[in-house]
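The exercises below ask you to read side-chain pairings and packing from a model, and each is followed by a solution in steps. Please work through each task with the structure open before turning to its solution.

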Amino acid sequence: MLHLVAPTPGSGLGVTVAASTARPGPEAAPLEATRAGLEATRLAVAERYGVLDTAPELAFDRITALAAELFQAPVAIIGFIGRDRVFFKSHHGLEETEASRGTDPSRSVLEPWIRDRYKHGFHAGVPLDTPDGYEIGTLLVIDRRPRQIEEQQMRRLRALAGIVTDELAMRLAARRALAQADIMKSEVDHRVMNSLQFVSSLLQMQSRSVASTETRQQLQAAADRVRAVARTHRVFSADETHDRLPIVAHLRGLCEELASILDAEIKVVGTDETSVPKDQVLAIGLIVNELAANARKHGAGAITVSFGWNDGQHELAVADEGDGLKQGFSATGPTGNGLGMKVVRALAEQLKGRLSARPPPAGEGTCVAVSFPAE
């Protein structure tokens, strides 16, 4: 449908519509119900494109600027039709960002608003139709003075409207593709998590069947490491909507499971509001897994896991209440050369962090910490 008014001077908007005074017949109610159903569907389609009440964008502003130039008109609008208003996604030459919509299905939804503000002027509009035929908006040019236009100008306006609808269609397709990718990612994470849990169970079973104590301990440690990775995948699967995660809450859940596995008391200290990017969560979880296992093996008493700030950086620390550091021990040197500390050093490097060992702030024991930049 083409919305076009090009009046002659002094003739108002140049459109005369006969208003019927007859009472609606019995067929009016079904007709109104049909219109209401179509309007509800049209609104749902408009919402699907996700443009109502969004910020201005250069892509649409360029189109209204070009439309105004083609018609030598001061005002051009790309408007999207809501329930009771038209939202101006782009409004060249105009400060207003929306207008009340008309309800007459035979006229442009903006005609009452245009009549009120541009009484004896001119406007030409082209509907923005979706591929399935629903009118979700309009591309409109307006002038305060009456004038005539050429068919070539209207062809160009229709072409610009086609660019708008093509842009909307591409954005919708991109959103659907991203949604599908998120579904696939979720499925992959779920399958990886299940596979890792299966591998961890196999390693645990194998550890029970070997005679060597050292081999049994190594297999159990490997099973715990695999289980720690599976835990992180479970967290990712449960919260796919955020790029960052509240790390202290994650550590509480992790350490609750670790306490059961290690048969140890593990306390977590930190601010719940602190969050880190998802790509750091796996490394942080594995560091805690290794350091807590070391504290249980070589230390004594309760294990404290803390996450906070130190000199403008994140600091992750794991402390025990044992006899303290051995003489000459260095977390970064050859004395800290067990497999667990090698894993922790590699993970600290992944975080672009610094590994250190020191006595706890209060009391006896050992505290191993990783400080790394906040992103």
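**Exercise 1.** State how many salt bridges the structure holds, and work out where Arg-42 and its partner Glu-39 lie with respect to each other.

*Solution.* The model is a predicted one, and 15 salt bridges are found in it. In one of these, Arg-42 pairs with Glu-39, with 3.0 Å between the closest N and O atoms. For the placement, note that both residues belong to helix α1 (residues 28–49), where they are three residues apart and therefore separated by about one helical turn. For the surroundings, apply the cut-off that buried means under 20% relative accessible area: Arg-42, at 8%, is buried, whereas Glu-39, at 22%, is partly exposed.

**Exercise 2.** Describe the salt bridge between Glu-167 and Arg-171, then find which residues are linked with them in a network.

*Solution.* Begin with the distance: the closest N and O atoms of Glu-167 and Arg-171 are 2.8 Å apart. Next, locate the pair in helix α4 (residues 151–208), where a spacing of four residues places Glu-167 and Arg-171 about one helical turn from each other. Then consider accessibility, which puts Glu-167 at 23% and hence partly exposed, and Arg-171 likewise partly exposed at 23%. Finally, follow the salt bridges outward, and Glu-57 and Lys-89 are found to be linked with Glu-167 and Arg-171 in a network.

**Exercise 3.** Determine which strands are connected by the salt bridge of Arg-358 and Glu-315, and decide whether each residue is buried or partly exposed.

*Solution.* The two side chains meet at 3.1 Å, taken from N to O. This pair links distant parts of the chain, since Arg-358 lies in strand β12 (residues 354–358) and Glu-315 in strand β11 (residues 313–319), 43 residues apart. Arg-358 has a relative accessible area of 29% and is partly exposed, while Glu-315, at 12%, counts as buried.

**Exercise 4.** Identify the residues that touch the most other members of the largest nonpolar core, and trace the contacts of Val-305.

*Solution.* As background, nonpolar side chains in soluble globular proteins tend to be buried together. The largest nonpolar core here has 38 residues, of which Leu-251, Ile-284, Val-305 and Phe-307 touch the most other members. Among the elements that give two or more residues to this core are helices α5 (213–238) and α6 (247–262) and strands β8 (266–270) and β10 (303–310). The greatest contribution, nine residues, comes from α7. Setting aside neighbours within four places in sequence, Val-305 has contacts that include Leu-251, Cys-255, Ile-266, Val-288 and Leu-316. A further core of 30 residues lies apart from this one, and Ala-73, Ile-149, Leu-157 and Leu-168 are among its residues.

**Exercise 5.** Find which residues make a nonpolar patch on the surface, and report how many disulfides the structure contains.

*Solution.* The patch, of about 390 Å², is made by Phe-198, Val-199, Leu-202 and Met-205, and Met-205 is found in helix α4. Turning to the cysteines, a search of the whole structure returns zero disulfides. Two cysteines can nevertheless be examined for their accessibility: Cys-255 is buried at 2%, and Cys-367 is buried at 4%.

Technical notes: Residues numbered from 1 in each chain as written. Predicted model: local features only at pLDDT ≥ 70, side-chain atom pairs only at ≥ 80, totals over all residues. Heavy atoms only, no water. Salt bridge = Lys/Arg side-chain N within 4 Å of Asp/Glu carboxyl O. Buried < 20%, exposed > 50% of the residue type's maximum accessible area, 1.4 Å probe, protein only. Patch = residues over 30% accessible without salt bridge, like charges linked within 9 Å, V, L, I, M, F, W, Y side chains within 5 Å. Areas by Shrake-Rupley, 256 points an atom, 1.4 Å probe, with all protein chains shown as cover. Core = buried A, V, L, I, M, F, W, Y, C linked by side-chain atoms within 4.5 Å. Contact = heavy atoms within 4.5 Å. Disulfide = S-S within 2.5 Å.
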